[in-house]
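Biologist: I'd like to learn how to read the inside of a protein model, from packed regions to empty spaces. Could you walk me through one?

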Amino acid sequence: DKKKNFRNKCGFFTEPLTATYKKLYKKKPPYSELKAFEFFLRNVKKINDIKFISVKIHPNDTKSPYLKIIKKFGDYKIRITNDNIFKILAENYYLASCSSSVMFLGDKNKNCLICTIPTKNISSNLPINRMKFLINL
């Protein structure tokens, strides 16, 4: 039954999108990493299987804003994890992020990839064909 349980798990990778965007373009991005995370949690029910979510906080992100958002969503078992990326890839069938480079590893590992960009008409800059866009599900 380990394989069956594997299918109901999702690893979510945060990214410091706002800080990076401000450095590159000297203005606010069209969406923030927190908006993308909340969008994911509000819409994850579109993917029937997911029951457990492991959130990997980017080293340049802080945990507290994510914990505040997690408190609003009691329907799922959500945990912040310090596991290494390879363990997360191995233990989660689904991987979710806006455009984390970890998605490349997930593509090679044959994980089901979910792009969590919360705005229409903006696509991921990752050249991965197998990625599903949550906004379109």
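**Cavity, pocket and core**

Modeller: Sure, and keep in mind that this is a predicted model. Let's begin with a list: the largest cavity is lined by Phe12, Phe13, Thr14, Glu15, Leu17, Glu33, Ala36, Tyr66, Cys98 and Thr116.

Biologist: How do you find empty space in the first place, and which elements give two or more residues to that lining?

Modeller: The general idea is that a probe the size of a water molecule, rolled over the atoms, shows where space is left empty. Here, strand 1 and helix 3 each give two or more residues to the lining of the largest cavity. By character, that lining has six nonpolar, two polar and two charged residues.

Biologist: What volume does the largest cavity have?

Modeller: About 40 Å³. Searching the whole structure turns up one cavity of 30 Å³ or more.

Biologist: And the largest pocket: how much space lies in it, and which residues lie nearest its centre?

Modeller: The largest pocket holds about 550 Å³ of space. Its lining has 26 residues, with Glu15, Leu17, Thr20, Ser99 and Asn125 nearest the centre. Glu15 and Leu17 also appear in the lining of the largest cavity. Helix 2, residues 17–25, is the top contributor to the pocket lining, giving five residues. The pocket lining splits into 15 nonpolar, nine polar and two charged residues.

Biologist: Now the packed parts. Which residues have the most contacts inside the largest nonpolar core?

Modeller: In soluble globular proteins, nonpolar side chains tend to be buried together. In this model the largest nonpolar core has 25 residues, and Phe37, Phe40, Leu41, Ile53, Ile78 and Tyr94 have the most contacts inside it. Elements giving it two or more residues include strand 1 (9–13), strand 2 (52–56) and helix 4 (64–70). The biggest contribution to this core comes from helix 3, with four residues.

Biologist: What is Ile53 in contact with, beyond its neighbours within four places in sequence?

Modeller: Ile53 is in contact with Cys10, Phe12, Phe40, Leu41, Tyr76, Lys77, Ile78 and Arg79. There is also a second, separate core of 16 residues, Leu89, Met103, Leu113 and Ile128 among them.

Biologist: Stepping back, how many helices and strands are there, and why call the radius of gyration in agreement with a compact globule?

Modeller: The protein has six helices and six strands, in the order α-β-α-α-β-α-β-α-β-α-β-β along the sequence. As for the radius of gyration, a compact globule of 137 residues would come out near 14 Å, and the protein has 14 Å, so the two agree. Of those 137 residues, 47% count as buried.

Conventions:
Residues are numbered from 1 along each chain as its sequence is written. This is a predicted model: local features need pLDDT of at least 70, side-chain atom pairs count only at pLDDT 80 or more; totals for chains, interfaces and linings use all residues. Side-chain values use heavy atoms; hydrogens and water are left out. A nonpolar core is a set of buried Ala, Val, Leu, Ile, Met, Phe, Trp, Tyr and Cys residues joined through side-chain atoms within 4.5 Å. Buried means under 20% relative accessible area, exposed over 50%, partly exposed in between (1.4 Å probe, protein chains only). Contact means heavy atoms within 4.5 Å. On a 1 Å grid over the protein atoms alone, a cavity is a set of points where a 1.4 Å probe fits but cannot get out, and a pocket is an open set with protein on both sides within 12 Å along at least five of seven lines; lining residues have an atom within 4 Å of a point. Grid points are joined across faces, edges and corners, and a volume is the space filled by probe spheres set on the points. Ala, Val, Leu, Ile, Met, Phe, Trp, Tyr, Cys and Pro count as nonpolar, Asp, Glu, Lys and Arg as charged, and the others, Gly among them, as polar. The radius of gyration is taken over C-alpha atoms; the globule rule is 2.2 Å times the number of residues to the power 0.38.
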